[in-house]
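The following exercises ask the reader to work through a protein structure step by step. Please attempt each task before reading its solution.

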Amino acid sequence: STEPQGPQEETATESQTEDTSTEPQGPQEEETATESQTEETPTDAQSEEIDPCQRGQSINLDSDQTVDSSACFEAGQLDIGGQKANNAKLSKKDAKTLKVSITISPLSTQIGQPANILMVSIYQAANGSGVAYYRHGNNWQVWDGNVGSLTAAEEVDGLPENLNVQIFEGDLSSMSGNFTVYVGIQLNDGTIHYNGVDPMQFEVE
């Protein structure tokens, strides 16, 4: 039997720091001066604020315990002809030139610390078979499922406030099925903070 081949990646781009000096402001509500008007109760859809930040999980390799993490993982993005999407169903044409990225905002106590960037992709083929990959440097390799065996896709000398991580750029058109992508930062103490609560997911037809 032959070993399954990982995704074919054309280029690997180093993580880039996003410079965000101001936080986005929410919609400004107009004040009403007339006493005759009654206060309108907003619906759930109106009152719900969209927060791009998804809190992650952390695991310590020494204790092998998984707990909630306050590190922020913005929803991963697929760049499809200039459009951004997640949980998307991609045509073979869209999957032929695909870019996948995510933005990580570490805890304030983690900023400036060196870290390894870890990446895992779980591939469920259209025929029902499945395989897990991890990125070692620029190459995707079959993963045995042991967290301790993961190696760094990239290394960061000092974590910034916002870290844009380029996960994949290349051709997935020959791999019909579903992808679930996990990305994390591993600190010097061995703790891994990753997007375990809301991983990236997309499908190739």
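**Exercise 1: Two salt bridges**

At 21% relative accessibility, D171 counts as partly exposed, a class that lies between buried (under 20% relative accessible area) and exposed (over 50%), with a 1.4 Å probe and protein chains only. The model is a predicted one, in which local features need pLDDT of at least 70 and side-chain atom pairs count only at pLDDT 80 or more, while totals for chains, interfaces and linings use all residues. Residues are numbered from 1 along each chain as its sequence is written, and side-chain values use heavy atoms, with hydrogens and water left out.

Task: Determine which residue forms a salt bridge with D171, and which one forms a salt bridge with E154.

Solution.
Step 1. A salt bridge requires a side-chain nitrogen of Lys or Arg within 4 Å of a carboxyl oxygen of Asp or Glu. Under this rule the count is two.
Step 2. The partner of D171 is K96, and their closest N and O atoms are 3.5 Å apart. D171 belongs to strand β13 (residues 163-171) and K96 to helix α2 (residues 92-96), so the pair ties together parts that are 75 residues apart in sequence. Helices (H or I, at least four residues) and strands (E, at least two) are DSSP runs, numbered from the N terminus. K96 is partly exposed, at 46%.
Step 3. E154 is joined to R135, with 3.2 Å between the closest N and O atoms. Since E154 lies in strand β12 (residues 154-156) and R135 in strand β10, this pair ties together parts 19 residues apart in sequence.
Step 4. E154 is buried at 11%, and R135 is buried at 0%.

**Exercise 2: A hairpin**

Task: State in which sense β10 and β11 pair, and which residue stands opposite Y134.

Solution.
Step 1. Strands pair if DSSP finds at least two bridges between them. Strand β10 (residues 130-136) and strand β11 (residues 139-142) are antiparallel, with four bridges.
Step 2. Opposite Y134 stands Q141 of β11.
Step 3. Two residues lie between the strands of this hairpin, and G137 has a positive phi near 65°.

**Exercise 3: A proline in a loop**

Task: Decide whether P199 is buried or exposed, and identify its contacts beyond four places in sequence.

Solution.
Step 1. P199 is located in the loop between β15 (191-194) and β16 (200-204).
Step 2. With a relative accessible area of 13%, P199 is buried.
Step 3. Apart from neighbours within four places in sequence, P199 is in contact (heavy atoms within 4.5 Å) with T180, V181 and Y182.
Step 4. The C-alpha atoms of P199 and N87 are 9.9 Å apart, although 112 residues separate the two along the chain.
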